[in-house]
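Dear colleague,

I am handing over the structure below for your consideration. My account of what was found in it follows directly after.

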Amino acid sequence: MPAACDSVLLEDIEDIVSAEDPTPLERQFGRNNVFPRVRKRSSQRNAQAEDDPPSDSIIPGVQKIWIRTWGCSHNNSDGEYMAGQLAAYGYKITEDPAEADLWLLNSCTVKNPAEDHFRNSIRKAQEGKKKVVVAGCVPQAQPRQDYLKGLSIIGVQQIDRVVEVVEETIKGHSVRFLGQKKDHGKRLGGARLDLPKIRRNPLIEIISINTGCLNACTYCKTKHARGDLASYPIEELVDRARQSFQEGVCEIWLTSEDTGAYGRDIGTDLPTLLWRLVEVIPEGAMLRLGMTNPPYILEHLEEMAKILSHPRVYAFLHIPVQSGSDSVLMDMRREYCVADFRQVVDFLKEKVPGITIATDIICGFPGETDEDFQETVRLVEQYRFPSLFINQFYPRPGTPAAKLPQVPPAVKKQRTKDLSQLFHSYNPYDHKVGERQRVLVTEESFDSNYYVAHNPFYEQVLVPKDPLLMGKMVEVNIYEAGKHFLKGQPVADGRAHPASITRPLAKGEVSGLTEEFRRAPRNGPRWRGGPSAESPEQPPLPSPCLALQPPWQGGGALRILSASLALLALLVLFYCAGVKTEL
């Protein structure tokens, strides 16, 4: 590696400029005493040598990038946006980590195992001599961990700067962008929603409606990374949904750390957003609402029941209860009691017949007694949740719960096992065998033997792997039920209706490219555009450290043209000065 690529730690690209460096004005006046000397080429061989780039030169924008994402759908959406920007700039996104030049690792901090996988992947990349960029909640929450030293980091609100970070990393620099997006001092939801994107599934668009939350749960590490609630404006979210449908998407997932809290920071609420979104959902397409905590959904139960009954909205809601014990919920600082959870579930089950309620349970939280755990067991026995996420408690560093007296590991493991056995003791879908259902086909099963569809209650229905069914709304007869799925056969007299209003993008195709970017050359320098919302007066980088930036970050064809003309004028000046010297 050349000396120019030695690793340096920067809070931002602009930190390359030191206080001792000459100002742009001083540099301009200094040029008056500079007289370039015209070189005389002695031979054709020397001329050829001067024209060739050095053998160790690095051309950003041509490398192969492997992206790995852990965690929630919000994190997956961030990963799709980063992949889209890199591909739009010219990088090749590969599914083979061995052939990649750089690994982009997008982490999750919810549980210890996810962070362990993340840490192991970093070590494996370094052993394979790969460049590494890390992103997601782990480095955002704890950027000074030993195993992150010397690595480039993309903060959770800085994913629109992934091209800059990757470019500098490929050059051998260590760059960290961990700041918050702000507008006039007010925190924003994050990066723009109209950035280029590569959807993992071209039929499904994941939209983050807000970031952060209003709670302060004692076990949660995600709060350290995502921060307090910051919501996107309704118009931006509706525009993103409309654009997605125009690109062939037929299913939208709304995600965030707590969808129920949406809008409280900007003077609106979740039902208002959902009614606006319903207006732009085409016939046959569907919307799935993400996780919401009980306190905020309580205020909108009537409206939420109406929305969840809409034919283009799945009758599905993920409401994590975490424990059936009020004393445990108090220690968790969950800001609700079990009665609140029961009220939400009972009301929605009455007003939205057949609704699917998914929930989460943490086993072995500090201070949980046998009686506390039995209260949780009784809650599960009462509601027999068809979708139940059971998690053994893991103390996350830096959280209040990590400092509390811990339940013995053997007890935590046994309680997790007992609750899992209870969950697997009942079959929630047996009564649906023989039904005729309308399903939307959007995915392929993990074993590749079936296509995966969902009925109006977001229950998984496996259908024959017929390419004519993908992306279609079809009617099926349910002939088998398992613990987590149904199996359906398309009816003979039925018809498959396209759910997309246009042909979906091909797998790996970049979404959201503007005409401005389509006209811009690939693999070439893009000069920094106007000021960003985060820092209104960013200083320009001195030569030779040009700030390479994609057009969607505010550059534009006009700025590129202006910079080109300035460079051309400078070259003419140098040429004339050289001729004068020779004469």
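A salt bridge is taken here as a side-chain nitrogen of Lys or Arg within 4 Å of a carboxyl oxygen of Asp or Glu. The model is a predicted one, and by this rule it holds 31 salt bridges.

Salt bridges

One such pair is formed by the side chains of Glu247 and Arg199, with an N to O distance of 2.8 Å. Glu247 sits in the loop between α8 (234-246) and β13 (251-255), and Arg199 in the loop between β9 (186-187) and β10, so the bridge ties together parts that are 48 residues apart in sequence. Glu247 has a relative accessible area of 14% and is buried; Arg199 is buried as well, at 4%. Through shared partners, salt bridges join Glu247 and Arg199 with Glu80, Lys197, Glu205 and Arg240 into one network.

A further bridge brings together Asp78 and Arg226, whose side chains meet at 3.2 Å, N to O. Asp78 belongs to helix α3 and Arg226 to helix α7 (residues 222-226), and the pair links distant parts of the chain, 148 residues apart. Both of these residues, Asp78 and Arg226, are buried.

The bridge between Glu99 and Lys64 has an N to O distance of 3.5 Å. It links Glu99, in the loop between β3 (92-94) and β4, to Lys64 in strand β2, 35 residues apart. Glu99 counts as partly exposed because its relative accessibility is 31%, and Lys64 counts as partly exposed at 26%.

Nonpolar cores

The largest nonpolar core comprises 94 residues, and those with the most contacts inside it are Leu86, Leu104, Ile154, Val166, Leu254 and Leu348. Helix α3 (residues 73-89) supplies the largest share of this core, namely seven residues. Another core lies apart from it and has 17 residues, including Leu105, Val134, Val138 and Ile153.

What does Leu86 touch, when residues up to four places away in sequence are not counted? The contacts of Leu86 are with Ile65, Ile67, Tyr91, Ile93, Leu104, Val162, Val163 and Val166.

Helix α6

Three of the names just given, Val162, Val163 and Val166, are among the buried residues of α6. Why is helix α6 (residues 162-170) described as largely enclosed by the rest of the structure? Nine of its nine residues are buried, so the helix is largely enclosed. Charged and polar side chains are included in that set: Glu164, Glu167, Glu168 and Thr169 are buried in α6, together with Val165 and Ile170. The buried residues of α6 pack against helix α3 and against the strands β2 (64-69), β4 (102-107), β5 (131-136), β6 (152-154) and β7 (174-177). After α6 comes Gly172, which has a positive phi near 105°.

Cavities

How many cavities of 30 Å³ or more are counted? There are five. The largest cavity has a volume of about 150 Å³. It is lined by 20 residues, of which His74, Asp78, Ile159, Ala191 and Tyr232 are the closest to its centre. Two elements, α3 and β10 (204-208), give two or more residues to this lining. By character, the lining of the largest cavity divides into eight nonpolar, seven polar and five charged residues. Asp78 thus appears in two places in this account: in the lining of the largest cavity and in the salt bridge with Arg226.

Backbone angles

Two residues other than glycine have a positive phi and may merit your attention when you inspect the loops. Arg333 has a phi near 60° and is found in the loop between α12 (326-332) and α13 (338-351). Its relative accessibility is 47%, so Arg333 counts as partly exposed. Arg384 has a phi of about 45° and lies in the loop between α14 (370-383) and β17 (387-392). At 44% relative accessibility, Arg384 is likewise counted as partly exposed.

With kind regards

Methods: Residues are numbered from 1 along each chain as its sequence is written. This is a predicted model: local features need pLDDT of at least 70, side-chain atom pairs count only at pLDDT 80 or more; totals for chains, interfaces and linings use all residues. Side-chain values use heavy atoms; hydrogens and water are left out. Helices (H or I, at least four residues) and strands (E, at least two) are DSSP runs, numbered from the N terminus. Buried means under 20% relative accessible area, exposed over 50%, partly exposed in between (1.4 Å probe, protein chains only). A nonpolar core is a set of buried Ala, Val, Leu, Ile, Met, Phe, Trp, Tyr and Cys residues joined through side-chain atoms within 4.5 Å. Contact means heavy atoms within 4.5 Å. On a 1 Å grid over the protein atoms alone, a cavity is a set of points where a 1.4 Å probe fits but cannot get out, and a pocket is an open set with protein on both sides within 12 Å along at least five of seven lines; lining residues have an atom within 4 Å of a point. Grid points are joined across faces, edges and corners, and a volume is the space filled by probe spheres set on the points.
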